Amino acid sequence: MGQSHRERLDSIERDLLSGVALADCLRACVALALAMESGGLREWAERELNGYAFAEVPDYRHVPAVVVGDIRSVAGHDLRNKTVPADRLPEVYQAVVEHGFPIHLGLTDLVPQLDRLARHGEPLHLSITDAPRLAQHLTKAVLRSGARYTDVRYQITEADLVSMFERIRGRAVHVLHDIRALTPADAEPPARAGNQAVSVVNHGSNNQFTVTTNQAQHGNASSTHTTAPGDTGIAHEALRWAKRQTRWTIAGGIIAVIGLLVAVYFGLAALDAG
């Protein structure tokens, strides 16, 4: 006899808290979501694994970044990876430096990159779409006559990527905790519990569930501490979401009524004219 949904949930949570590789835990979440028939849980876990190519990147995947560039000096010497002062960047790049770079890549692609960074002790460099034009702009705005930027890119440290991994781990623990809290006693977790848990945790929850490790690398952790929210926190977030939905519904109804009144007014005016 196979594991029940609740047993699978407990097993994944233990693995997350004991430092099992994060990608393996998320694959187990996909399997649990398939068994529960929870589309929301499956979509979230698969995006974390495979990336957010065509979806909005959650806030917890925004990481600190700077813009760095390679400079060719007047004497012909090359300076690599020189940090560009944020206040000299165009506004669109300043916003990224201020609010963080959204990491679209999934863990499947990020783990090998972290391995490479750890081996070579290098930061991660990500290309800028309009790099030649930005390099030209910075040459005029930052450098003295004769020197020029030959290339520019975003730079992200290994430590900041590892921190993002731990935030994802914390979200996963929080999701599983909420699924359990939303499931009646002695019952199997229903699909709606998975969908609601993902929605609450990943859409503005103030009830942070963090996983702090003494040593973390490549999605693994050696020591884990958690701070779990109570059921009242889950209910509070669900209520906030419901209130937001209600406000939008009321607003839509008011607009519809105004549109109807306008239509009636002009209809009556047309009859009077006739």
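**Entry 1: a strand pair**

I began with Ser-127, which I found standing opposite Arg-153 in E6. I note at once that this is a predicted model, in which local features need pLDDT of at least 70 and side-chain atom pairs count only at pLDDT 80 or more, while totals for chains, interfaces and linings use all residues. Residues are numbered from 1 along each chain as its sequence is written, and side-chain values use heavy atoms, with hydrogens and water left out.

I then looked up the strands themselves, taking helices (H or I, at least four residues) and strands (E, at least two) as DSSP runs numbered from the N terminus. Strand E6 covers residues 148-156 and is joined to E5 by 4 bridges, the two running antiparallel. I count two strands as paired if DSSP finds at least two bridges between them. His-125 also has a bridge partner in E6, namely Gln-155.

I asked myself which residues of E5 lie on the covered face and which on the uncovered one. Leu-124 and Leu-126 make up the covered face, whereas His-125 and Ser-127 make up the uncovered one.

**Entry 2: the sheet around E6**

On its way through the sheet, E6 is also joined to strand E2 (residues 66-72), by 7 bridges and again antiparallel. In that pairing I located Gly-69, whose bridge partner in E6 is Val-152. E2 in turn pairs with E3 in the antiparallel sense over 4 bridges, and there Arg-72 stands opposite Asp-78 in E3. I traced the connection as well: E2 and E3 form a hairpin with 5 residues between them, and Gly-76 in the turn has a positive phi of about 90°.

Put together, these strands give an open sheet of 4 strands in the order E3-E2-E6-E5, with antiparallel pairing. The edge strands are E3 (78-83) and E5 (124-127), each of which pairs on one side only. Neighbouring strands of this sheet are turned by 35° against each other on average, direction ignored; for such angles, axes are lines fitted to C-alpha atoms (for helices over the stretch in contact), and the angles run from 0 to 180 degrees between N-to-C directions.

**Entry 3: the chain as a whole, and its core**

For the whole protein chain I recorded 9 helices and 10 strands. Of its 274 residues, 37% count as buried, where buried means under 20% relative accessible area, exposed over 50%, and partly exposed in between (1.4 Å probe, protein chains only). Among contacts (heavy atoms within 4.5 Å) between residues at least 6 apart in sequence, 69% join residues at least 24 apart.

The largest nonpolar core holds 61 residues, and Leu-41, Trp-44, Ile-103, Val-152, Ile-156 and Ile-179 have the most contacts inside it. Such a core is a set of buried Ala, Val, Leu, Ile, Met, Phe, Trp, Tyr and Cys residues joined through side-chain atoms within 4.5 Å. Helix H7 (residues 158-181) gives the largest share of this core, 10 residues. I followed Ile-179 further and, leaving out residues up to four places away in sequence, found that it touches Leu-9, Met-36, Leu-41, Pro-189, Ala-193, Gly-194 and Ala-197.

**Entry 4: Glu-13 and Thr-139**

Is Glu-13 buried or exposed? Glu-13 has a relative accessible area of 14% and is therefore buried. Glu-13 sits in helix H1 (residues 5-18) and, beyond residues up to four places away in sequence, touches Val-173, Leu-176, His-177 and Arg-180. The C-alpha atoms of Glu-13 and His-177 are 8.2 Å apart, although 164 residues separate them along the chain.

Thr-139 belongs to helix H6 (residues 131-142). Its side chain reaches the backbone oxygen of Ala-135 at 2.8 Å. Outside the residues up to four places away in sequence, Thr-139 touches Ala-147, Arg-148 and Tyr-149.

**Entry 5: cysteines**

How many disulfides are there? The count comes to 0, a disulfide being a pair of cysteine sulfur atoms within 2.5 Å. Cys-25 is in none, and the nearest cysteine sulfur, that of Cys-29, is 7.2 Å away. Cys-29 is likewise in no disulfide, the nearest cysteine sulfur being that of Cys-25. Cys-25 is buried at a relative accessible area of 2%, and Cys-29 counts as buried at 1%.

Note on methods. A polar contact is a pair of N or O atoms within 3.5 Å; within protein, one must be able to donate a hydrogen and the other to accept it, and residues adjacent in sequence count only if both atoms are side-chain atoms.
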